Amino acid sequence: MPDLAGTVADAFEAQVREHEERCLSPLAVRSYDSGGRLRPEDDCRLRTPFQRDRDRILHSKPFRRLKGKTQVFIDPAGDHYRTRMTHTLETTAIARGVARALRLNEDLVEAIGLGHDMGHPAFGHAGEEALDQALQQHFGRRFRHNEHSLQIAESLNLTAEVRDGILTHTGERMPATLEGKIVRIVDRVAYINHDIDDAIRFGILHPTDLPQPEVARLGDRGSERIDTLVHDLVESSQAAGDIVQSEDVGDAMLALRSFMFERVYLGPHARLEQERARAAIRRIFEHLAADRQEPEQIVDFIAGMTDRFALAYVSELN
């Protein structure tokens, strides 16, 4: 970065350090105590490393393409359905609120939240499964969107804590920071509730279809359920010194998640659309593999596609 003189820039890091020591929990990651980047670079004098990561993600092409990637419904005819980007923004907003209440590092949470799904391919989970299967069949390798998100984070040279949170927002490995654990749980809080909202809007669910014991525990409306889940997460985590849910609220959330998989994500209405998505991914993959492209190139190209671009690409091949 240019070495620009200025009283604000000269004092910025010292003020941030003093503020964090005074205001953050002892369990919070300090902005200038990061594990570092893969490739050395000078710090910005007016942004912390995590703020710089946030901005780097926001200005990246993989982040911008999230607006054209499915959350649940493939290219729906309506302006109010969630995309992968709106899911990302909702997750990040909720997670940052939790971090603030627990006096953890909001900037770290924000960077992880914004970057966690950058590696998700077109067509939601159906697209991810199809790409994984094609990669196994052709090259004996696997595809996981969190691992591809990590590759993008590495290409952006993000800090170690942000890279870790992005990788571990799903899967067996747990995040190394409490900030990463917040995003891991809130990711589910967000998508379960907004996917219910979208399924009701789409007409495949009615509010009375939801399992009533869980609704009674969490709330009738999505906003009520999120409020219940957030308050429980904050209070339970504060008492435990870790990021945890109470047993009854956690069980209720998992029950709603199972219900959504049975009725929505894997339900009869989704099968035709999901098969169309899988067929599109398979066709594109086979075309690129026949052209003897390297596996990394194929994965980067397909995982970067939006829904509409993938469908248009397939139509040109047929």
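**Note on helix packing and selected residues**

1. Ser 223 has a relative accessible area of 45% and is therefore partly exposed, since that class lies between the limits of under 20% for buried and over 50% for exposed. The structure under discussion is a predicted model, and the values in the points below should be read accordingly.

2. Ser 223 belongs to helix H11, which comprises residues 222-240. Its side chain forms a polar contact of 2.9 Å with the side chain of Arg 221. A further distance helps to place this residue: 31 Å separates the C-alpha atom of Ser 223 from that of Glu 147, and the two residues stand 76 apart along the chain.

3. The packing of helix H5 with helix H9 may be considered next. Two packed helices are described by the angle between their axes and by the distance between those axes. For H5 (residues 106-115) and H9 (residues 178-202), the angle is about 45 degrees and the axes lie 9 Å apart. The two helices are therefore oblique to each other, as an angle of this kind falls outside the roughly parallel class, which is limited to angles under 35 degrees, and outside the roughly perpendicular class of 65 to 115 degrees. The crossing of H5 past H9 is right-handed.

4. On the H5 side, this contact is made by Leu 108, Val 109, Ile 112 and Gly 113. H9 contributes Glu 179, Gly 180, Ile 182 and Val 183. By class, the residues of the contact comprise 5 nonpolar, 2 polar and 1 charged.

5. H9 also contains His 194. This histidine has a relative accessibility of 2% and so counts as buried, the limit for that class being under 20%. The side chain of His 194 is joined to that of His 87 by a polar contact of 2.9 Å. When neighbours within four places in sequence are left aside, the residues in contact with His 194 are Gln 71, Arg 82, His 87 and Glu 90.

6. Helix H2 (residues 49-58) is largely enclosed by the rest of the structure, because 8 of its 10 residues are buried. The buried residues are Pro 49, Phe 50, Gln 51, Arg 52, Asp 53, Arg 54, Asp 55 and Ile 57. They pack against helix H1 (7-23), helix H3 (61-64), H5 and helix H8 (160-167). H5 thus appears in two of the packing arrangements described here, being a partner of the buried residues of H2 and packing with H9 at about 45 degrees.

Methods. Residues are numbered from 1 along each chain as its sequence is written. This is a predicted model: local features need pLDDT of at least 70, side-chain atom pairs count only at pLDDT 80 or more; totals for chains, interfaces and linings use all residues. Side-chain values use heavy atoms; hydrogens and water are left out. Axes are lines fitted to C-alpha atoms, for helices over the stretch in contact, and angles run from 0 to 180 degrees between N-to-C directions. Helices (H or I, at least four residues) and strands (E, at least two) are DSSP runs, numbered from the N terminus. Angles under 35 degrees count as roughly parallel, over 145 as roughly antiparallel, 65 to 115 as roughly perpendicular and the rest as oblique. A crossing is left-handed if the near helix is turned anticlockwise from the far one by less than a right angle, and right-handed if clockwise. Contact means heavy atoms within 4.5 Å. Ala, Val, Leu, Ile, Met, Phe, Trp, Tyr, Cys and Pro count as nonpolar, Asp, Glu, Lys and Arg as charged, and the others, Gly among them, as polar. Buried means under 20% relative accessible area, exposed over 50%, partly exposed in between (1.4 Å probe, protein chains only). A polar contact is a pair of N or O atoms within 3.5 Å; within protein, one must be able to donate a hydrogen and the other to accept it, and residues adjacent in sequence count only if both atoms are side-chain atoms.
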